Amino acid sequence: MSAEKFNLLSFTGKMKTLHLSWMAFFITFMVWFNMAPLKGAIVDGVGLTLSEWKTLLIINVALTIPARVIIGALTDKYGPRVVYSSLLAICSIPCFAFALADSFTQLLIARFALGCIGAGFVVGIRMVSEWFPPKELGTAEGVYGGWGNFGSAAAAFTLPTLALMFGGEDGWRYAVGITGLMSLLFSVIYYKNTNDTPKGSTYFRPKNLGGMEVTSVGDFYLLLVMKTPMYLALALLNWKLSPQGVALYSETIALMVYVGLAVLYIYDSYSTYKVNKDIFVTPVPEAHRYPFKQVAVLNILYFATFGSELAVISMLPAFFAETFELSMATAGLLAGMYAFMNLMSRPGGGLISDKFGRKKTLLILTAGLAVGYFSLSLIDSSWPIWLAVVAVMACSFFVQSGEGAVFAAVPLIKRRLTGQIAGMTGAYGNVGAVVYLTVYSLVDTSTFFLVIAGTAILGFTALLFMKEPSGTMTEVREDGSVELIDVT
């Protein structure tokens, strides 16, 4: 770990790695969310129905759930430098394909593949954890997450203007294509200017790629339980695309997808057993154990925080427009305040976590989250608009600070599994988004906010079982020697 001071104005050593990593994340989010701001032009240009447009929005997040888990595992095995650079380069291809598409089917295939770029986030979590000591880790991960996350807002602010600058009915194609070009060029910059670890540090890798390692029999069964919601979320997406939902494909194909998901879950469980079968025979020495319940708690909290953020960003402009009879432009601007808070809130959550402890910070922020969403459930047309905006921004602070605090704790569980743990926790954020958006399609807005508040209370309860990270974690070097890594 580098001993230099934490200085955001510096562009050397660990700070250079942090800045390049959040820029990479920023570009992945710009590419991932480059479609929504150009809705009118894409719908008119390709001749889409409203149902087809909504299908593209659903497809955009479908592949991100498994991708975050897979990319997390690849990061642990091959290192963040190679994986981030490769992801940026490879995902530029479906981005260019989307820009060139002239039918719904072509748009759909390109968008489905582009869901993978939403997995970039977990790569940087491991990279940043290699370069910063525990006392700065929450702040560093918060800056990485918060500033990178702003890529979605930057897409909303800049892409419509870019499309207008190019003009004509193909303006949107140039705007989307530019984000793909940014992704391709930055893949080279990232590869040439970063290293997986500071000089002299060891990059600890998992023993194999087949599944996440756990260190007790009880944790093995808890891992299988925690895998289940990810498959259920994909089944829910399948239901939304089946004849019961937007009818993208036939009942037969929907049934095949359900069977495929069941087979995949069984295979995944078997692979996880193969990786961990020794623990059923020989208990893991106490020094090498890590409590998987820490991961389970953080999964639930990220479900409630990032899951609700993705869902609320999707519905907030329409909610403001309908409740206060505003134009879509004004409503979009006011709703944008929710995402804008990311620049300060997520680093703030990490900083508070560094100063006052991981568990205490998460308890306070999760309680605030529940109160925040409860207050949003009360908003109606009798409220002054300024008060509704203040309530949204206050709630947003707790949501995004909570995200920062979750990922201040993730890298302190087991160093060599940080990518896999970040991948699973990150995937839970997408699972949350799928669940909340499905709830939103079935109930009124007030109930929607109350459901999120309820899951925040569930997260608060789960937090009571979490241990404050302390002492050291044990890792074994390739030569067999042991390194103790301070987490306090």
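The following exercises, each with a worked solution, concern the predicted model shown above.

Local features require pLDDT of at least 70 and side-chain atom pairs pLDDT 80 or more, whereas totals for chains, interfaces and linings use all residues. Residues are numbered from 1 along each chain as its sequence is written, and side-chain values use heavy atoms, with hydrogens and water left out.

**Exercise 1.** Determine how the span of helix 8 compares with the expected one, and how many of its residues are buried.

Solution. Helices are DSSP runs (H or I, at least four residues), numbered from the N terminus. The expected span is 1.5 Å times one less than the number of residues. Helix 8 covers residues 134-149, 16 residues in total. From first to last C-alpha it reaches 22 Å, close to the expected 22 Å. Buried denotes under 20% relative accessible area, exposed over 50%, and partly exposed the range in between (1.4 Å probe, protein chains only). By this criterion, 14 of the 16 residues of helix 8 are buried.

**Exercise 2.** Carry out the analogous analysis for helix 18.

Solution. Helix 18 has 25 residues and reaches 36 Å, close to the 36 Å expected. Of these 25 residues, 20 are buried, and the helix is mostly covered.

**Exercise 3.** Establish the environments of Asn 149 and Gln 400.

Solution. Asn 149 belongs to helix 8. Its relative accessibility is 3%, and therefore it counts as buried. Contact means heavy atoms within 4.5 Å. Leaving aside residues up to four places away in sequence, Asn 149 touches Phe 25, Phe 29, Phe 306, Glu 309, Asn 342, Arg 346 and Glu 403. Gln 400 is located in helix 17 (residues 385-409). Because its relative accessibility is 0%, Gln 400 is likewise buried. Beyond four places in sequence, the contacts of Gln 400 include Glu 309, Asn 342 and Arg 346.

**Exercise 4.** Which residues touch the most other members of the largest nonpolar core, and which helix gives the most to this core?

Solution. A nonpolar core is a set of buried Ala, Val, Leu, Ile, Met, Phe, Trp, Tyr and Cys residues joined through side-chain atoms within 4.5 Å. The largest one holds 154 residues, and Phe 320 and Tyr 373 touch the most other members. Helix 13 (residues 292-324) gives the most, with 19 residues. Among the residues that Tyr 373 touches are Ser 308, Glu 309 and Val 312.

**Exercise 5.** Characterise the largest pocket by volume, lining and composition.

Solution. On a 1 Å grid over the protein atoms alone, a pocket is an open set of points with protein on both sides within 12 Å along at least five of seven lines, and lining residues have an atom within 4 Å of a point. The volume, about 1800 Å³, is the space filled by probe spheres set on the points. The lining comprises 50 residues, of which Ala 36, Leu 57, Ile 313, Ser 314 and Met 315 lie nearest the centre. Helix 13 gives the most, with nine residues. By class, the lining divides into 34 nonpolar, eleven polar and five charged residues; Ala, Val, Leu, Ile, Met, Phe, Trp, Tyr, Cys and Pro count as nonpolar, Asp, Glu, Lys and Arg as charged, and the others as polar.

**Exercise 6.** Is Thr 197 buried or exposed, and which residues does Thr 197 touch?

Solution. Thr 197 lies in the loop between helix 10 (171-193) and helix 11. Since its relative accessible area is 14%, Thr 197 is buried. Not counting residues up to four places away in sequence, Thr 197 touches Glu 130, Trp 131, Thr 202 and Tyr 203.

Conventions
Helix = DSSP H or I, 4+ residues; strand = E, 2+ residues; numbered from the N terminus. 1 Å grid on protein atoms, 1.4 Å probe; cavity = no way out; pocket = protein on both sides within 12 Å on 5 of 7 lines; lining within 4 Å.
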